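I am keeping a short notebook on one structure. Each entry records what I looked up and what I found.

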Amino acid sequence: MHAWPASEVPALPGQGLPLRIHDTAAGGTREVVPEGPTARLYVCGITPYDATHLGHAATYNAFDLVQRVWKDAGHDVLYVQNVTDVDDPLLERAVATGEDWTVLAERETALFREDMTALRMLPPAHYIGAVESIPWIVPLVKKLLASGAAYRVDDDIYFSVDAEPRFGEVSRLTREEMLPVFAERGGDPDRPGKRNPLDALLWLAARPGEPAWDTELGHGRPGWHIECVAIALEFLDMSFDIQGGGSDLSFPHHEMGAAHAQAATGAHPFARAYVHAGMVGLDGHKMSKSRGNLVFVSKLRRDGVDPAAIRLALLSRHYRSDWEWDKSVLDESVERLARWRAAVSRPDGPAAEGLLAEVRAALADDLDAPAALAAVDRWAALQAESGGTDIGAPGLVSRTVDALLGVAL
Ligand code: ZN
């Protein structure tokens, strides 16, 4: 399916720094430098049964910064994102509202594209639906069945976690720690007939009233983890640079995906780094559908909030932290946007080369966007206090903020 239009990334003088970023599998921050000229990034996409909330937007903001840092350091970026356009939550919602599941998925995917465009998130080169990926999933699952890494329970097909000795290396959880999380996040540890309670579904045989596809695996639909593996292998191959998503994807989703891919290909690793964004909360709880405490990007836009202010609000918190949304976060960002716009609207100002270096250093240091914002704040304050005489400085600040932070002033 098609992605959304790209906003232009202005060129900056000089070159950015290599990216250091927190890798969940390494348990710490390390340099992730692409091996070739092209950096390869896979970010797990939405299940389109509801509009984009600020938790989603914060995650995509983090990986948008990854792309901007890589581009500034001279790399091309090959970015792939999926959209899980057939899965349990989507089908359950369609049943609950009496809507056709394909109509629901198309509408919410269209709204997601609009939100991403408004927030100036760089689009993926390949934006791929689960349904589109079925032709790549089938041979992968066949391969896993042939090697004994997958098996049938009735007509469903499971991945055997014991087939991949490195299982556990992504999330760094013990099997005892995994079990309750697996049950909580869509797993079925108690299903009779499974070899290991942690084994995950690769293929779900058709259920009455649910969509299904006729394939060599039988009549059914794919599991979620294998969807991302098939899409990543199709467009990025093994050992791509970063797989990203929210911190709730480290287990089971990214752990299972790595195990599926490594067992199917015999190669290692699936991704060179696994990067996870924190959760955004409201009123003391993580934003989630089940709790009904979602703040939608489209609702804020409809209320007349400038998308650039929403983007600044996302940038004002470190991507790895869990943080709380409240009105003061947005109010501060609206005010900051006005200050920055006033500062760059003048014909000259304090020299800005130092600011560019500061923003580059902050973002290369595990995407420290709050530090980058503080650097721009200092420049804007200097401009307001004493002006400056450097012709072109405001233009360089605008380009810096646009190219590295995705905010148009
Ligand atoms: Zn995924």
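**Entry 1: the zinc ion.** I looked up how the donor residues of the zinc ion are spaced in sequence, and the pattern is C-x183-C-x24-H. The model is a predicted one, and in it the zinc ion is coordinated by SG of Cys44, SG of Cys228 and NE2 of His253. The distances run from 2.0 to 2.1 Å. Next I asked where Cys44 and His253 lie. Cys44 is in the loop between β3 (38-43) and α1 (54-72), while His253 is in helix α7 (residues 250-265), so the pair ties together parts that are 209 residues apart in sequence. Are Cys44 and His253 buried or exposed? I found both Cys44 and His253 buried.

**Entry 2: cis peptide bonds.** I then went through peptide bonds. As a rule, most of them are trans. The bond from Phe251 to Pro252 is cis, with omega near 0°. I located Pro252 in helix α7. I noted another cis bond from His268 to Pro269, where omega is near -5°. Pro269 sits in the loop between α7 and β12 (271-277).

**Entry 3: Ala267 and Ser239.** I stayed with the loop between α7 and β12, since Ala267 has its place there. The relative accessibility of Ala267 is 27%, and because the partly exposed class runs from 20% to 50%, Ala267 counts as partly exposed. Which residues does Ala267 contact, leaving aside its neighbours within four places in sequence? I wrote down Met238 and Gln262. I also looked up Ala267 against Ala58, which is 209 residues away along the chain. Their C-alpha atoms are separated by 32 Å.

I turned to Ser239, in the loop between α6 (224-235) and β11 (240-246). Ser239 has 17% relative accessibility and therefore counts as buried. Setting aside neighbours within four places in sequence, I found Ser239 in contact with Arg40, His268, Pro269, Phe270 and Arg272. Among these is Pro269, the residue that follows the cis bond from His268. The C-alpha atoms of Ser239 and Ala273 are 8.8 Å apart, with their positions 34 residues apart along the chain.

**Entry 4: positive phi.** I searched for positive phi outside glycine. Most residues other than glycine have a negative phi. Asp283 has a positive phi near 55°. Asp283 belongs to the loop between β13 (280-282) and β14 (285-286). Its relative accessibility is 65%, so Asp283 counts as exposed. Asp366 also has a positive phi, of about 55°, although it is not a glycine. Is Asp366 buried or exposed? At 5% relative accessibility, Asp366 counts as buried. Asp366 lies in the loop between α11 and α12, and those two helices are my next entry.

**Entry 5: α11 and α12.** Helix α11 covers residues 353-364 and helix α12 covers residues 369-386. I read off a packing angle of about 165° and a distance of 7 Å between the axes. That makes α11 roughly antiparallel to α12, because an angle over 145 degrees falls in that class. The crossing of α11 and α12 is right-handed. From α11, the contact uses Leu355, Glu358, Val359, Ala362 and Leu363. These meet Ala369, Ala371, Ala372, Ala375, Val376, Arg378 and Trp379 of α12. By class, I noted 10 nonpolar residues, no polar ones and 2 charged ones in the contact of α11 with α12.

**Entry 6: α10 and α13.** I did the look-up again for helix α10 (residues 327-344) and α13, which pack at about 140° with axes 8 Å apart. α10 and α13 are therefore oblique to each other. Trp340, Ala343 and Val344 of α10 make the contact with Pro394, Val397, Ser398, Val401 and Leu405 of α13. The residues in this contact of α10 with α13 divide into 7 nonpolar, 1 polar and no charged.

**Entry 7: Asp402.** Last, I looked up one charged residue of α13. Asp402 is found in this helix, which spans residues 393-405. With 13% relative accessibility, Asp402 counts as buried, because the limit for buried is under 20%. Which residues does Asp402 touch, not counting those up to four places away in sequence? I listed Glu8, Pro10, Arg68, Arg120 and Val407.

How values were computed:
Residues are numbered from 1 along each chain as its sequence is written. This is a predicted model: local features need pLDDT of at least 70, side-chain atom pairs count only at pLDDT 80 or more; totals for chains, interfaces and linings use all residues. Side-chain values use heavy atoms; hydrogens and water are left out. Axes are lines fitted to C-alpha atoms, for helices over the stretch in contact, and angles run from 0 to 180 degrees between N-to-C directions. Helices (H or I, at least four residues) and strands (E, at least two) are DSSP runs, numbered from the N terminus. Angles under 35 degrees count as roughly parallel, over 145 as roughly antiparallel, 65 to 115 as roughly perpendicular and the rest as oblique. A crossing is left-handed if the near helix is turned anticlockwise from the far one by less than a right angle, and right-handed if clockwise. Contact means heavy atoms within 4.5 Å. Ala, Val, Leu, Ile, Met, Phe, Trp, Tyr, Cys and Pro count as nonpolar, Asp, Glu, Lys and Arg as charged, and the others, Gly among them, as polar. Donors are N, O and S atoms within 2.8 Å of the metal (3.2 Å for Na, K and Ca); water is not among the atoms, so sites may look incomplete. Buried means under 20% relative accessible area, exposed over 50%, partly exposed in between (1.4 Å probe, protein chains only).
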